[in-house]
Amino acid sequence: MGAQDGPMLEARFDHPADLAIDASGVIYVADTGNGTIRQIGTDGFVRTWAGRAGDRRRVDGYAEIVRFASPNDIALADGVVYVEDQGFVRRIAPDGSAVTLAGISEVEGMVAAPGGGLYLAGRGGVYRWTEAAGLALLAGIDGVSGDQDGSGTQARFSRFGDIAVSATGSIYATQPDRHTVRKISPEGVVTTLGSAGDPIARDGDPAEARFIHPDAITAIGRDMQVVDGGTGFIRSISAADYVQTFPVWQRLDLRGQRAGIAFAIDGDLLATHAGGVLRLPAPGSSRSTQAANPYATFAFAGPPPRDPLPFGDPLQLGVDPLGATVVYSGTRRESWDGTAGFVMIDAQGQASGRLPVAVYSSEYRRDVLGMAMDAAGNAYVANPSFGGIFGAEPQGGSILRVSAGGTVTTVAEWPQTRTADITPGSLTVSSDGTTIHFLNVRTGDLVRLDVATRAVEVALPAADLGPPRPGIDGLGGRGHRAVTTSANGDIHVLLGTNLTRLSGGKATPLLRGGPFQRPTHIAADAAGNVYVADEEVVWRVTPEGNASIAFGQRGSFAVTPGPLPGSLGIVHGLAIGKDGLLHVAVRDAVLTVRIQ
């Protein structure tokens, strides 16, 4: 990640979201993370065309003062570049100056319209904008959402992902949250491809085809190409609306990313990813047939993406007795298959092993709330159940033990009912595996579980953990909690901005009203320091209760290894091995950090 200009493979980007190509082959990239518009010339040189990296705000004016807050969609219409920036449409002149179009807001998708102007999607409708006539509604109703097909204002739309125009003049609009692609004919008739209630990836005719979070979409010839966010594949929609997946593009993995796609003049597919732009040779092209791997994806601008974890995103992690990182990695929400598993990463960074574990599945919550390991290498995971409105009501659950050989056993289980007294959350386990301490999401208490007898007792009532922040530390003050055990057996409990140490059965406030914003995980070293994962930074709290940022940088969401403080993105897990190394889970990766 970065903002460096220069030759294509030396340039750096920060989560570019979209791109467009003019008639001469010059590529314009909405570099969202940097807040800039980048230009890739036909000479292969990347330069910042508009905006200033790191200065993310909306400012109109001449080129030197123009700023962008979060440029997402980008389109070329009538030889002019248009950018969607925080829902507003901004027009950029050839000299880099910019102006915000009046009367347009909450835009979620944008594309050049045949004959001039733009098609815009947002606020529950699809619109056409021209310089002369302004904004006109084509389908849907302004400010009203839904999923209804029909003609003109009879139709209803949910949140849009992207829109594109086919060679026949039909508009195709993706709705990621509804797993559908909507088609608006030139006559204004709206029909649906896919099904909101059936999120799977399936090819077929309009009645049979299914998508999982379709997002970016573009046209090539008479066909449409759409990024299926749940699989990361490119899906093709023919002029007859038949959906199929081409094998040559099945190696493109854009899951969980706001990707943009466009076709170059030579027919290759260009796609943005977190660190730059990829090029995929078109089926049958010379580059495709000559490549050693016919499914090859080539870095086009910026460095190639690193290989992700074998599956899913890291949700929790621990360190086994041999120093290997054990990642509890849940399948991404888009897959909707209700499973997760373990990935083992050795000291050389090699990942192996994939031990699937069935987890509670609901529309709203899929990840476990805690994981810990004993000295024998057994992993323990808290598998809570939630229900009720928005899936926020704790309703029982279980604690599972997964041996190093992959055997899964249930340590303890509580009924998945609204009257359940216990819902397990963050947990820690003694080195011999005989005792588990976990936070009861239902009450907020720290609970002690005897593994042999399955007897439970309150080790520390919620009232002794310090006051939660109203409206911040979760429903009923039960969020932003974590628990860990240090090498000397002391237990540390986090509640929002409070840290409490439990030693020899005696509770001592370690920190009250600390500087944390949204803390999620903690780990303790042999010296009694407690490390707190707080979004893009990790804090160190000394045994005396002094807090300071150990590594990571506020406002930096790129993953940048190297000398501290480094850059982490968002931290998903934290653990400490016997050697004192901190193991940090971030998106699609695990880092190790040595604190001097």
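This is a short tour of a predicted model, with suggestions on what to select at each stop.

**The whole protein**

Start with everything in view, coloured by secondary structure: the protein has 1 helix and 51 strands. Of its 596 residues, 55% are buried. Switch on a surface and you have about 24100 Å² exposed, with carbon and sulfur atoms supplying 51% of that area. Among contacts with a separation of 6 or more, 42% join residues 24 or more positions apart.

**A sheet from S10 to S13**

Next, select residues 107-112 and 134-140, which are S10 and S13, the edge strands of an open sheet. This sheet has 4 strands in the order S10-S11-S12-S13, paired antiparallel. The twist averages 25° from one strand to the next. Now add S11, residues 118-122; S10 and S11 are joined in the antiparallel sense over 5 bridges. Zoom in on alanine 112 and you will find leucine 118 of S11 opposite.

**A salt bridge beside that sheet's last loop**

Stay here and show the side chains of glutamate 131 and arginine 91, which form a salt bridge at 2.3 Å, N to O. Glutamate 131 belongs to the loop between S12 and S13, while arginine 91 sits in strand S8, so the viewer should show partners 40 residues apart. Glutamate 131 is exposed, at 56% relative accessible area, whereas arginine 91 is partly exposed, at 24%.

**Two more charged pairs**

Move to aspartate 177 and arginine 159, whose side chains meet in a salt bridge of 2.9 Å, N to O. The two residues are 18 apart, aspartate 177 in the loop between S16 and S17 and arginine 159 in the loop between S14 and S15. Both are partly exposed: aspartate 177 has a relative accessible area of 40%, and arginine 159 has 39%.

Then select arginine 235 and aspartate 228, a salt bridge with its closest N and O atoms 2.7 Å apart. Is this pair buried or exposed? Arginine 235 is buried at 1%, and aspartate 228 is buried at 0%.

For a network, pick Asp5, Asp31 and Arg38, which are linked by salt bridges. A search of the whole structure gives 18 salt bridges.

**A sheet from S35 to S38**

Finish with another open sheet of 4 strands, ordered S35-S36-S37-S38 and paired antiparallel. Its edges are S35 (424-429) and S38 (456-460), each pairing on one side only. Neighbouring strands are turned by 35° against each other on average, direction ignored. In the middle of your selection, S36 (435-440) and S37 (446-450) pair over 5 bridges, with isoleucine 436 opposite leucine 449.

Definitions and conventions. Residues numbered from 1 in each chain as written. Predicted model: local features only at pLDDT ≥ 70, side-chain atom pairs only at ≥ 80, totals over all residues. Heavy atoms only, no water. Buried < 20%, exposed > 50% of the residue type's maximum accessible area, 1.4 Å probe, protein only. Contact = heavy atoms within 4.5 Å. Areas by Shrake-Rupley, 256 points an atom, 1.4 Å probe, with all protein chains shown as cover. Pairing = 2+ DSSP bridges. Axes fitted to C-alpha atoms, helices over the stretch in contact; angles between N-to-C directions. Salt bridge = Lys/Arg side-chain N within 4 Å of Asp/Glu carboxyl O.
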